[in-house]
Structures are given as structure tokens and as C-alpha cells.
Amino acid sequence: MTQHRQLMNYIGGQWTHSRAAEYLPVRNPATDELLAHVPLSPADEVDTAVQAAQAAFDGWRRTPPTERIQYLFKFKQLLEEHSEEIAHLTTQECGKTLAEAQGELLRGIENVEVATGIPSLMMGYNLEDIASGIDEHMFRQPVGVVAAITPFNFPGMIPLWFLPYAIACGNCFILKPSEKVPLTMARVFELIDQLGLPTGVVSLVNGGKEAVDALLDHSLVRAISFVGSSPVAKYVYSRAAANGKRAQCQGGAKNTVIVLPDADMEMTTRIVADSSFGCAGQRCLATSVAITVGEARTEFRERLTDAAVQRKVGSGLDSEVEMGPVITPESKQRIESLIAKGAREGAELLVDGRNTQVKGYERGYFVRPTLLDNLAPQSELARTEIFGPVLSLIHVQDIDAAIELINASPFGNMACLFTSSGAAARKFRYEVRVGNIGINVGVAAPMAFFPFTGWKDSFFGDMHAQGRDAIEFYTEKKVVVERWPCEWSRKF
Ligand code: NAD
């Protein structure tokens, strides 16, 4: 891959140079090295992609599903053949470790696998004789041109929450990836170019707000998928809905785990440390708050302190390293000022990851694992998404108090419970108002055949990403009531 190259868009089956007035630098967060420049594509380039998609739509929807999925089988094969190279690019531009980058690509490929089941998944249903000699059928048809706007933290996986289902259902698809991490999808689209898909079925338009707004306002775009921060998710949802589009918009999070005194402490602390500090805390399912109940407090705090101090931080390409940098210098600054705010609000800094440097990577954007104790539940920090390797501890006397704190949060992406009590687990999963639940699991990421079910300010919409929800989102239902009068039917 040539460095410092200007990234191109992939529109109508062609790689095209953008006429953008502005290009942004793409940097390696571990080294600050310049990797490429990404165009902030103007609205008319979005229009070109939409027109190409619309032109392809009629032919693509008439292509039998059994033929459409053949492209996905080939796509899966190419992704697997190139997985190391793609993961390497993800680590370079996003900072996570190579193992984390490989893991996320695997989770993305699982969505390609599920979408190859579309001939079954897309089936409708029917009933004969809803009245004498009359039958009723429900068919699913694709919605048309659809688009996805994705965030920086999973450059390989999140676009694949949408693309495979969208095209398998017969839609034409446009991706607007995060301008912070455009290299992974640039490479994946080089593989897509080898699939031989009809021109215009998939397009890639790089850019920022102007490109997003152009998608939200375009009359030919019928559905919008979004993943990113809650304020932008809400904005995208409102604007898409006001323009008559269906929208599924996944937002931010403030994920909490509860640790009961009967939990297996060795396992719990290992899992929570991975959930909080893995991917440098830049997972929408990262644990940000741990509530210990009663006697769980002392041992959990001691073990987490050790785990935070011992975690090996550095370049994600170094196989020894367990945690990479955060995405930008601005992000590092924001995380460090939130840590300071937590301390000002009365929390005790057990482990302070600020103002750190990694030997050999002095220009990298590193924040080390940070542990804040006794965070006041009403403090601003307890309600703010940090999106960095920072875990705050809160201590309460019973599980009811802990569940109440979770239910008071404006977010509802994930909550987990660590316990050996089935009764406590059932109470937790029944009462907690959050969409993705983990029981003795620290990152409760649904498999591709289940929906990714954020609630409250973590999701705006009805149909979630992945699984059967994806089929609902990417299809219109059509009901046919049918009578065929004939001599034979009149006999009855
Ligand atoms: P972001 O909201 O800054 O950006 C997401 C996308 O929106 C990008 O493609 C960006 O170009 C675009 N965008 C940004 N500002 C915009 C604006 N004003 N108008 C129109 N478009 C705009 O998010 P990010 O920093 O890339 O990603 C991190 C966030 O994503 C975190 O809040 C994290 O919790 C969330 N996230 C959520 C999930 C989930 O499943 N709920 C998954 C991953 C990440």
C-alpha cells in the first residue's frame, strides 16, 4: 500500500478521485505517522453514488437470491484470505492490537455468513382460504438504495453489520466510513471490486458531515443505518425520519457491571479488566463502571488495581502488547480531562493513566489503564461516556441499589452481572432496562444471528443491526390477497 496516498471513492464500480476541496490526514495513533489523506467528499459525489445505486437496483432486485448470495460466498473467501493484511491496516489506523483487529474482522465475517442464508431468511408467509377460494401471501421485497454511516472504533466489523444483509436482500448499498479510519474499508472495497458484482450495487463514499447530510437528504435513499456517538445518532435519526426514511441509529454507552460477593473473583476481575481496557476502552460495549455489592468491594478493587497497573501498553503491532493508543490527540486530551474531573468530583484515583509515554512511541496517543474509586453515582462523570481505558468503581449494599443505578442511566447499551446465583442472575436480566445483557460475561456482543439491541439513548429506531432485525430493516412487506375463479373452484 502506497503511503500518503489520496484515498479514492468507489462509485458505480469505478475507483474515482474525489473533487473534495478538503482532505484530512489519516494518522497511525501509535506513532503519529501520516498514513494517507481522506477526501471530505462533496454532496454531488454522494448524488453520483446514489444515482449509480438506483440505476443498478432494478436488475439487482430481479437477480434471484440464490445468485445474489454467490457473491457473498466469494466475499467471505476473499476476506478470509486477506484477513491478516486487513487486520494489520485496522491496527495501523485505529490503534487496537492485532489480535483485537483479527477478532473484529472475524465478527464481521460472521455477518457475511449469516446473510448467505437470505433465501430462507427472506421468506414471507401465506395462508390458503382466508375466505373461500381466496389465498393471502406476504412477500418481502428490498427497499431500494440504502446507506450506512460508521464510526472509528471497529473499521472492519461495523460496515459488515450492514453491507451483507443489505445486498443479499436485493438493495443497493452505499457506505460512508469514519474519516478517521478509512483505510480498512478502502482495502475491503478492493476485494469487493474483484467479486464481479453488477455496477452500482455497492459504493464507498469517503467524507464527513457534508456527505452524511447529502445521504440523509437524498430523495432516492430509502434507509439509513448509523453507528456512532449518541448526539450524532439522534441527529441522523431525526433528519432521516423527517425526510421519510427508515433509520436504525446506534449511539454511545456507559456500560456498568455489577459484582456480587459470590462471584468467582479471579474470573470476574480478569474479564472486567479486559472489558474496560481492551481496545483501549474504545468499545461501545466497554465496561466503564463497576458496582461492587457488599463484601465484593475489597478483593475486586485490589485485583483490578493490579490488572490496571500490569496491562502492557504500546503499539498494537507488537505481539506482547495488550492495549494500544486512543484514536487522536484530542481524544487523549478529552479522556485525561474527564479523569481530572472525576478526581475533582471526589473520586479517588487508584491508578492514574494520564501523562504517559511509551518508550519508542513517544509521539503516540497513549492513556494507560485508569481506576477511579468511590465515584459518586450522581456525578457528571458517572453519566458521561469516556470512551477510553477508564474504570470507575461504585460501592453499594445490595443488588437492588445497583440495578437502580443502572436503570437511572440515560444509556442502555450493555449491563453485566457477575455472580454464582441463578436467582440473582434471573432478577438482574428481568429488571435491568438495558438491551444487551451479560451474565458472567464482560463484553456481551450478540452473535451475527442475534440483533445488537441497544436501548434508550444508545439506540434510536425500531429494527436493530444483525440477525432477523436486519432482514426486517432491509425489506418492505407486501401482502397479496388472491382469488382465481374457475370451474374447479366453483364445485366447492
Ligand atoms: P461519531 O458520532 O463522531 O462519528 C460517527 C460517524 O458520524 C462518522 O462516520 C462521522 O463522519 C459522522 N459524523 C460525525 N459528526 C457528524 C455530524 N455532526 N453530522 C453528520 N455526521 C457526523 O462517532 P465516533 O467517534 O466515530 O465513534 C465513537 C462513538 O460510537 C462512541 O460514542 C461509541 O459508543 C459509539 N459506538 C456505538 C456502537 C453501538 O453499537 N451502539 C458501536 C460502536 C461505536
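This passage walks through the two domains, the ligand between them and three pairs of packed helices. The structure is a predicted model, and everything below should be read with that in mind.

It helps to start with the overall layout. The domain assignment splits the chain into domain 1, which covers 2–251 + 458–479, and domain 2, which covers 255–439. Domain 1 is thus written as two separate stretches of the chain, whereas domain 2 is given as one. Taken over C-alpha atoms, the centres of domain 1 and domain 2 sit 31 Å apart. The two domains do touch: domain 1 puts 16 residues into the contact, and domain 2 puts in 23 residues. On the domain 1 side, the elements that supply two or more residues are α3 and α4. That side is a mix in chemical terms, with 6 nonpolar, 6 polar and 4 charged residues.

Next comes the ligand. Its surroundings are made up of 27 residues, and Pro151, Gly228, Gln250, Gly252 and Cys284 are the closest of them. Sorted by class, this shell holds 11 nonpolar, 12 polar and 4 charged residues. Both domain 1 and domain 2 give residues to the shell, so the ligand lies between them.

Now for the helices, beginning with the pair already met at the domain contact. Helix α3 runs over residues 83–94 and helix α4 over residues 98–115; their axes come within 8 Å and cross at roughly 120°. That angle makes α3 oblique to α4, and the crossing of α3 past α4 is right-handed. From α3, the residues that meet α4 are Ser83, Ile86, Ala87, His88, Thr90 and Thr91. Their partners in α4 are Leu98, Ala101, Gln102 and Leu105. This contact is evenly split between 5 nonpolar and 5 polar residues, with no charged ones.

A second pair in the chain joins helix α1 (residues 43–62) to helix α8 (residues 209–217). Here the axes are 8 Å apart and the packing angle is about 45°, and α1 and α8 are therefore oblique to each other. Once again the crossing is right-handed as α1 passes α8. Ala43, Val46 and Asp47 form the α1 side of the contact, while Glu210, Ala211, Ala214 and Leu215 form the α8 side. By class, the α1 contact with α8 has 5 nonpolar residues and 2 charged ones, but no polar residues.

The last pair brings together helix α10, at residues 265–277, and helix α11, at residues 296–310. The axes of α10 and α11 come within 10 Å and cross at roughly 45°. As a result α10 and α11 are oblique to each other, and α10 passes α11 in a right-handed way. On the α10 side, Met265, Thr269, Val272 and Ala273 take part. They meet Glu299, Phe300, Arg303, Leu304 and Ala307 of α11. The residues of the α10 contact with α11 come out as 6 nonpolar, 1 polar and 2 charged.

Notes:
Residues are numbered from 1 along each chain as its sequence is written. This is a predicted model: local features need pLDDT of at least 70, side-chain atom pairs count only at pLDDT 80 or more; totals for chains, interfaces and linings use all residues. Axes are lines fitted to C-alpha atoms, for helices over the stretch in contact, and angles run from 0 to 180 degrees between N-to-C directions. Helices (H or I, at least four residues) and strands (E, at least two) are DSSP runs, numbered from the N terminus. Angles under 35 degrees count as roughly parallel, over 145 as roughly antiparallel, 65 to 115 as roughly perpendicular and the rest as oblique. A crossing is left-handed if the near helix is turned anticlockwise from the far one by less than a right angle, and right-handed if clockwise. Two residues are in contact if their C-beta atoms, placed from the backbone, lie within 7 Å. Ala, Val, Leu, Ile, Met, Phe, Trp, Tyr, Cys and Pro count as nonpolar, Asp, Glu, Lys and Arg as charged, and the others, Gly among them, as polar. A residue is near a molecule or strand if its C-beta atom, placed from the backbone, lies within 6 Å of it. Domain bounds come from an automatic or database domain assignment.
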